[in-house]
Amino acid sequence: FWIRAGIRQENQKLVNIIGKANGALKAGNYDNARTLYANALEIKKDNPILNAAIVTSFVSEGNETGNEQESFDAAKPYIDIALEKGKDNANIQVAVGYAYETTGEYQRAFEFYDQAVKLDPNSADAWFHRGHVLEFLGRRQEAYQDYNKAYEFDKNNALVIIAKANMLLSDGKTQESFEMFKKAAGIRGTSAQVKSEALTSASLVRRS
């Protein structure tokens, strides 16, 4: 009984820490998120998902501040652990792919995203990120196919909706594009940065 109770308490503590860490990450409080994820790693040593979350905190911060390479270098030890322990996890492949994407290594990023969609063909995030990097590689039609696939699996993913809105805009469908940008901004739980991007784009479309 005491062993089982101890495991339950440990698991609940881990859930609480990860919940706070995820909230800090979404809010852009990257230092706080990393501290909390590190605390969680003290409970679940070398956990690949937690290491991947730390990777995301580093590279997201680097992407915002313009210090992409510095942030990637800081994330690299966690990338190595995440891949070693969880290479068959689609979310880890996406996190690592994003790390390479922020440094401009688009072909390398594509390889991780491509592996992610193979591991989880129903992952909207994996399809979206693969589509995003395909645009950087100049393969726009393939990117649009991936965005449509992502939207098929998750119609309430703000990033996917923004991608669809941009597709509509490029096709001259301004009203439909405007509505999609507005929808993205209204998705519950959307980060302030993504919401701001969606609202700014909606405003620009309305002016046009």
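Biologist: Buried means under 20% relative accessible area. By that cut-off, is Arg 34 buried or exposed?

Modeller: This is a predicted model, and everything I say is about that prediction. Arg 34 has a relative accessible area of 12%, which is under 20%, so it counts as buried.

Biologist: And where in the fold does Arg 34 sit?

Modeller: Arg 34 is in helix H2, which covers residues 30-43.

Biologist: Which residues does Arg 34 contact, leaving aside neighbours within four places in sequence?

Modeller: Arg 34 is in contact with Ile 54, Ser 57, Phe 58 and Glu 61, once those neighbours within four places are set aside. These four residues are among the H3 residues that make the contact between H2 and H3.

Biologist: At what angle do H2 and H3 pack?

Modeller: H2 and helix H3, which is residues 48-65, pack at about 170°, and their axes are 9 Å apart. That angle is over 145 degrees, so H2 counts as roughly antiparallel to H3. On the H2 side the contact includes Tyr 30, Asp 31, Arg 34 and Tyr 37, while on the H3 side it includes Leu 50, Asn 51, Ile 54 and Phe 58.

Biologist: What lies in the loop between H2 and H3?

Modeller: Asp 46 is one of the residues in that loop, and Asp 46 has a positive phi of about 65° although it is not a glycine. As background, most residues other than glycine have a negative phi. With a relative accessible area of 31%, Asp 46 falls between the buried and exposed cut-offs, so it is described as partly exposed.

Biologist: Changing topic, how many salt bridges are there?

Modeller: The count comes to nine salt bridges. One of them joins Asp 31 to Arg 34, with the closest N and O atoms 2.6 Å apart. Asp 31 and Arg 34 both lie in H2, three residues apart, which is about one turn of the helix.

Biologist: Is Asp 31 buried or exposed?

Modeller: Asp 31 has 52% relative accessibility, which is over 50%, so it counts as exposed, whereas Arg 34 counts as buried at 12%.

Biologist: Which residues does Arg 130 form salt bridges with?

Modeller: Arg 130 forms a salt bridge with Asp 114, where the closest N and O atoms are 2.6 Å apart. Arg 130 lies in helix H7 and Asp 114 in helix H6, so this pair ties together parts that are 16 residues apart in sequence. Arg 130 also forms a salt bridge with Asp 146, with the closest N and O atoms 2.7 Å apart. This second pair links distant parts of the chain, since Asp 146 is in helix H8 and 16 residues from Arg 130.

Biologist: Are those charged residues buried or exposed?

Modeller: Arg 130 and Asp 114 are both buried; for Arg 130 the relative accessibility is 15%. Asp 146 counts as buried too, at 4%. Asp 114, Lys 118, Arg 130 and Asp 146 are linked in a network of salt bridges.

Biologist: What else is buried in H7?

Modeller: The buried residues of H7 include Ala 124, Ala 126, Trp 127, Phe 128 and His 129. The buried residues of H7 pack against H5, H6, H8 and H9. Ala 126, for example, has a relative accessible area of 0%, so it is buried, and beyond residues up to four places away it touches Val 94, Ala 116 and Val 117.

Biologist: How do H5 and H7 pack, and what is the handedness of their crossing?

Modeller: H5 and H7 pack at about 20°, with their axes 11 Å apart. An angle under 35 degrees counts as roughly parallel, so H5 is roughly parallel to H7. The crossing of H5 and H7 is left-handed. Val 94, Tyr 98 and Glu 101 in H5 meet residues of H7 that include Ala 126, His 129 and Val 133.

Biologist: Last one, how does the span expected for H7 compare with the distance between its end C-alpha atoms?

Modeller: At 1.5 Å a residue, the 13 residues of H7 should span 18 Å, and the end C-alpha atoms are 19 Å apart, which agrees. Just after H7, Gly 138 takes a positive phi of about 80°.

Note on methods:
Residues numbered from 1 in each chain as written. Predicted model: local features only at pLDDT ≥ 70, side-chain atom pairs only at ≥ 80, totals over all residues. Heavy atoms only, no water. Buried < 20%, exposed > 50% of the residue type's maximum accessible area, 1.4 Å probe, protein only. Contact = heavy atoms within 4.5 Å. Helix = DSSP H or I, 4+ residues; strand = E, 2+ residues; numbered from the N terminus. Expected span 1.5 Å × (residues − 1). Salt bridge = Lys/Arg side-chain N within 4 Å of Asp/Glu carboxyl O. Axes fitted to C-alpha atoms, helices over the stretch in contact; angles between N-to-C directions. Parallel < 35°, antiparallel > 145°, perpendicular 65-115°, else oblique. Left-handed = near helix turned anticlockwise from the far one by under 90°.
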